[in-house]
Amino acid sequence: MGRLDGRVALVTGASRGIGRGTALRLAEEGADIVINYASSRTNAESIAEQISDLGRNVYVVKADVSQKDDIDSMIDFIRREIGQLDIIVSNAATGGFRPLMKASLNNFRAAFETNTLPMILLVQAAQDMLENSKWRGKVVGISSHGAHKALEQYGLIGASKAALEAIVRHLARELGEKINFNIVKAGLVDTDSGRRLPHADLMFKEAPKHACVGNRLVTPRDIANAVVFLTSSDSDMVQGSVLLVDGGADIKA
Ligand SMILES: NC(=O)c1ccc[n+]([C@@H]2O[C@H](COP(=O)([O-])OP(=O)(O)OC[C@H]3O[C@@H](n4cnc5c(N)ncnc54)[C@H](OP(=O)(O)O)[C@@H]3O)[C@@H](O)[C@H]2O)c1
């Protein structure tokens with residue numbers, strides 16, 4: 001028996017990286033999965049195939065989460081075709097690493113419209129299904145160290161993640177009676193977006209030394225395991241929190 005048997009989960013940005021690992025892990029725990037992607041159809045279909053092989057129902061939906069119409073259409077599809085949505089993992093995000101002094105208005109908008117706004121738009125569109133979940137509705141956002149630290153060329157993304165965390169706390173206050181809202185804050189994970197960080201090779205070489213769990217990097221599966229906890233009934237009393245999954249890197253002086 002899985003911890004998420006009977007649930008339906010939407011994972012945004014599930015074609016690659018952390019979202020992909022999360023979709024697979026939620027399916028292993030028994031959830032049917034809606035895979036969202038923006039452009040990588042082949043990747044989205046390959047993870048859908050793996051999930052289908054586990055015996056789960058799986059749906060693949062192309063939607064740009066920075067666009068309200070795309071989000072509304074995706075949620076309408078879920079309402080029409082499945083009639084149930086218990087879990088949302090708002091994972092998709094965009095990079096755009098640059099100093100704040102070189103950031104344009106469009107750069108600012110892109111960061112906030114892709115990394116922050118979807119949390120609100122997804123919950124507005126799916127509130128009824130989340131509130132009608134047989135369990136409690138569960139919503140999880142994925143944040144990063146940049147929400148509370150100053151990282152190189154990370155000002156816009158860091159600010160968008162800090163805003164995401166604030167929005168999750170306020171959603172918990174507004175809708176917490178029937179839905180749990182929490183954040184998983186991930187340490188450095190070896191994904192396509194991680195590899196676009198300034199000095200990525202050096203960072204990935206050094207990162208395991210910064211952890212307090214022995215010499216290893218955080219993996220998508222480590223993040224996914226925390227998401228499983230925050231989307232299962234084990235976390236019904238965890239509300240508006242930020243769960244840091246970085247192998248202890250943040251506590252080291
Ligand atoms: N990697 C790290 O070290 C790290 C650390 C802390 C937090 N995070 C956070 O973890 C999350 C996942 O990051 P990742 O490293 O796994 O990234 P990734 O490997 O680059 O994957 C990004 C995913 O997001 C999707 N996506 C991007 N823009 C989208 C849009 N507008 N609409 C829908 N989907 C979109 C991509 O879809 P396509 O494949 O179709 O393009 C892809 O599936 C992000 O929120 C990121 O900020 C990452």
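Two exercises on a predicted model follow, one on the ligand site and one on a cavity.

Residues are numbered from 1 along each chain as its sequence is written. Local features need pLDDT of at least 70, side-chain atom pairs count only at pLDDT 80 or more, totals for chains, interfaces and linings use all residues, and side-chain values use heavy atoms, with hydrogens and water left out.

**Exercise 1. Describe the ligand shell and its polar contacts.**

Step 1: list the neighbours. The ligand has 30 residues around it, each with a heavy atom within 4 Å. S15, S39, S40, T191 and S193 come nearest.

Step 2: sort by class. The shell has twelve nonpolar, 14 polar and four charged residues.

Step 3: find the polar contacts (pairs of N or O atoms within 3.5 Å). Ligand oxygen atoms lie 2.4 Å from a side-chain N or O atom of T191 and 2.6 Å from one of S193. For G13, a backbone N or O atom is 3.2 Å from a ligand oxygen.

Step 4: check the cover. The protein covers 91% of the 910 Å² of accessible area that the ligand has on its own; areas are Shrake-Rupley values with a 1.4 Å probe.

**Exercise 2. Characterise the largest cavity.**

Step 1: fix the term. On a 1 Å grid over the protein atoms alone, a cavity is a set of points where a 1.4 Å probe fits but cannot get out; lining residues have an atom within 4 Å of a point.

Step 2: count and size. One cavity reaches 30 Å³ or more. The largest has a volume of about 40 Å³.

Step 3: read the lining. Among its residues are S90, T114, M119, I142 and K161. By class, the lining has five nonpolar, five polar and one charged residues.

Definitions and conventions: 1 Å grid on protein atoms, 1.4 Å probe; cavity = no way out; pocket = protein on both sides within 12 Å on 5 of 7 lines; lining within 4 Å. Points joined across faces, edges and corners; volume = space filled by probe spheres on them. Nonpolar A, V, L, I, M, F, W, Y, C, P; charged D, E, K, R; others polar. Polar contact = N/O pair within 3.5 Å; in protein donor to acceptor, adjacent residues only side chain to side chain.
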